[in-house]
Amino acid sequence: MDRRKFLRDTALAGIGTAISTRKLFAAPMILTPKRTPARTAAGQVAFRPVYVQKSLGPNLLNWAYATDSNWDTFHSNINADNKGVYISDTEGHEKFGVNVRWNVEGFGYTFITADNAGEFYELPPEGKTLNLNLNYELAASRVARNRLRSSLHSRDGWQASHEAAGFLALSEEYLAEAKKHLGDHEEVGGLSQKSLYYALWGSEMLELDYAKSQILKNGPKPGFFFGCDARAFYQMYQDIFVPLFTDIFNYGTITFVTKGDGIINDFEPKEGDLRFGIRDLLYDKLKQKGLKVEGRLLFWFHECCTPEWLKKKTYPELLRYVERHTREVIGHYGEGMYAWEIVNELHDWANELQLNNEQTVELTKLACEVAKDTAPNVRRLINNCCPFAEYVQMKQWSGEPAKYNQRTPVQFIRDLVDAGVDFDIIGQQMYFPERDLQDIIMMVERYEQFNKKVQLSEIGVTAGPTNRSVKLATVGLPTKPYEWHRPWDEEMQANWLEGVYTLGYSKPYIEAADWFDFVDPFSYMENGGLLRNPEGDKKASYYRLQKIEKEWGGLPKS
C-alpha cells in the first residue's frame with residue numbers, strides 16, 4: 001500500500017576499515033532506560049465547524065494532525081469527526097497548530113493549517129475546554145500569514161499585482177466583519193469562510209506574482225535542470241521516446257531498484273548479482289544526447305522493493321553490504337553521473353529494515369563517505385518524500401506500524417547535518433500534497449537553512465479520469481469535492497505544473513525540477529504523465545512545460 005492510499009484509507013476508516021571500528025548493533029538499540037511515560041494530557045481545545053458549503057461533502061475530513069511552531073508534524077491524540085476537531089494531549093509540545101482538510105468551495109478541498117494567527121495554541125488546564133470556531137481560526141491564520149509573506153516579499157520594493165492585492169484586501173475585510181460578530185457562531189463561520197476563500201486565492205497569487213518578478217529580475221538560470229525519470233525508454237519505441245524526451249528535458253534519472261517495481265527489472269535479484277545491462281544502454285543514450293544523468297535509489301528500504309535476503313541481514317551485515325554495494329555500483333560509472341541518490345525516504349517512512357534513528361543516520365553517513373571516496377566529483381543527494389510528514393501522526397512506516405519515534409524530512413536533514421554527513425543536494429518529492437501553492441513553497445523554503453542545493457526531485461499530479469481509467473477503475477469520476485481549483489483534467493494538470501515550476505525556478509538554491517513520470521499508463525500518479533500513451537500523444541502539460549522553458553530563456557544546455 002503506497003503512502004497516498006494509506007492516508008486516504010486511514011482517514012476514511014569512515015570507509016573500508018571504518019566498518020570494523022564503528023559501533024555496530026545487531027538489533028535496534030534502546031538508548032534510554034524504560035520508564036513510565038510522563039502524563040501529558042491536559043484540557044481540550046475543540047475546533048467547531050460551521051458548514052456553509054453546498055456540496056454533499058465530505059467537507060471536513062475525519063482525520064487531522066498537529067504541528068509544532070516550526071511546522072513539523074508531531075504525534076498527538078488529535079481526532080476529527082463531522083462535529084469538529086479535538087485535541088487534549090500534545091505529548092509534551094507546548095505550542096501547536098492543527099492541520100485539517102477543509103472544503104473551501106471555489107478553491108478546493110485541501111489541508112489548511114490553523115495556528116492562532118501565528119501565535120499558536122496551548123492546551124487549557126485539565127478539565128477545561130476551549131471552544132473555537134474552525135472557520136474563523138483557519139481564516140485568521142491564513143490572513144495573518146499573508147500579511148507576513150507580503151511584508152517579506154516587499155522588502156526590496158516589490159508590490160503585489162492589483163488582482164492579488166484585491167483578493168488579500170477582501171480577505172481582511174471579511175475577517176474584520178467576522179470579528180464584530182464573535183458571539184454568533186453561525187455568522188462568524190459564514191463570514192470567515194468568505195475571508196478564507198479570498199485568503200487562499202490571494203496567497204497563491206501573492207507567491208506566483210513574487211516568483212515571476214524574481215525570474216524576470218534575475219534572468220535565465222543556465223545551470224537549471226528540467227528533468228524526468230527516463231524509464232519511458234523501456235516503455236516506448238526509442239525513435240519516439242528520444243526526441244520527445246530530449247526536447248523538454250536536459251536531465252534524466254535512471255532507476256537502480258534492488259527489487260523491481262514492475263516497470264524495470266530487478267537490479268539485484270540476488271545479492272551481488274548486479275544487472276547493469278539495460279541501464280548502461282539508457283545511460284549511454286542520455287549521455288550521447290548531452291543530458292546530465294542521475295543514478296537514483298541506491299538504497300530504498302520500502303516494502304515494495306526490499307528483497308527477503310536483505311531483510312534477513314543483521315545490522316553489522318547490512319553496513320558491510322552498504323559499503324560494498326555503494327563502491328561497486330558508483331564505481332561502475334565512475335565520474336560519469338552528475339549525482340547519485342544515496343538514500344530515498346529514509347526519514348522514518350521507507351524503513352522495512354526497522355532501523356532506529358541513530359542507525360539511519362549512521363548508514364547514510366557511511367554510504368556518503370564511500371560514495372565520495374569512490375567518485376569524489378559526483379554529487380550525493382538525499383531524497384525525501386511526504387513533505388508534510390502526515391505519517392508521523394499515523395505512526396506508520398511504508399509497510400507496518402512504526403516502532404520508533406518518527407521525524408519529518410526537515411528534522412531528518414537536520415540530524416544528518418548535525419552528524420556531519422557529507423552530502424551535496426537535498427531532494428524533496430512533490431507529488432500533489434493536497435496543499436495549496438503557498439504551503440508548498442513555504443515548506444520547501446525550510447531547506448534553505450542548510451545551505452545546500454535543493455531539487456524538486458519527483459513532481460507529479462494526475463490529469464484526471466480518462467475513458468480508459470474509468471473502465472479499468474484506476475481513476476474514476478469524482479465522488480468528493482475537487483482538490484484544487486476545479487476537478488482535475490489535462491489543463492488543470494498543466495496549471496499546477498506551471499505553478500510549482502514557477503515557484504521552484506524563482507529560488508536560487510533550487511537547481512532542478514523533475515517530473516514523474518513521462519508517459520501514461522505507466523506513471524506513478526495515475527494519468528500523471530506528460531504523454532497520453534507510448535505513441536507519443538502530448539498532453540497540455542507537455543506543451544505548457546515547453547512554453548515556460550521558452551519564456552525563461554530556453555532549455556539550458558547540460
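**Buried side chains, helix pairs and unusual backbone**

Let me begin with Arg101, which is buried, its relative accessible area being 4%, where buried stands for under 20% relative accessible area, exposed for over 50% and partly exposed for what lies in between, with a 1.4 Å probe and protein chains only. Before going on, I should say that this is a predicted model, in which local features need pLDDT of at least 70 and side-chain atom pairs count only at pLDDT 80 or more, while totals for chains, interfaces and linings use all residues. Residues are numbered from 1 along each chain as its sequence is written, and side-chain values use heavy atoms, with hydrogens and water left out.

Arg101 sits in strand β6, residues 97–104; helices (H or I, at least four residues) and strands (E, at least two) are DSSP runs numbered from the N terminus. Leaving out residues up to four places away in sequence, Arg101 touches Asn59, Leu60, Leu61, Tyr109, Thr110, Phe111, Glu434, Lys480 and Glu483, where contact means heavy atoms within 4.5 Å. What does the side chain of Arg101 reach at 2.9 Å? That partner is the backbone oxygen of Tyr109, and a polar contact of 3.4 Å also joins the side chains of Arg101 and Glu483. By polar contact I mean a pair of N or O atoms within 3.5 Å, of which, within protein, one must be able to donate a hydrogen and the other to accept it, and residues adjacent in sequence count only if both atoms are side-chain atoms.

Next comes Asn146, in helix α3, residues 134–153, and this residue too is buried, at a relative accessible area of 3%. Its side chain makes a polar contact of 3.1 Å with the side chain of Gln438. Helix α3 packs against helix α4 (residues 162–179) at about 140°, with the axes 10 Å apart; axes are lines fitted to C-alpha atoms, for helices over the stretch in contact, and angles run from 0 to 180 degrees between N-to-C directions. The two helices are therefore oblique to each other, given that angles under 35 degrees count as roughly parallel, over 145 as roughly antiparallel, 65 to 115 as roughly perpendicular and the rest as oblique. Asn146 is among the α3 residues that meet α4, and Leu168 is among those on the α4 side.

A second helix pair is α15 (residues 490–505) and α16 (residues 540–551), whose axes come within 8 Å and cross at roughly 30°. That angle makes α15 roughly parallel to α16. Among the residues making this contact are Leu497 and Tyr501 of α15, together with Leu545 and Ile548 of α16.

Finally, let me turn to the backbone. In the loop between β16 (510–515) and α16 we find Asp517, and Pro521 has its place in the loop between β16 and α16 as well. The peptide bond from Phe516 to Asp517 is cis, with omega near 5°, and the bond from Asp520 to Pro521 is cis, with omega near 10°.

Which phi does Leu297 have, although it is not a glycine? Leu297 has a positive phi of about 65°, lies in the loop between β11 (292–296) and α8 (308–311), and is buried at 4% relative accessible area. Asp348, another residue other than glycine, has a positive phi near 70°; it lies in the loop between β12 (339–344) and α10 (357–374) and is buried at 1%.
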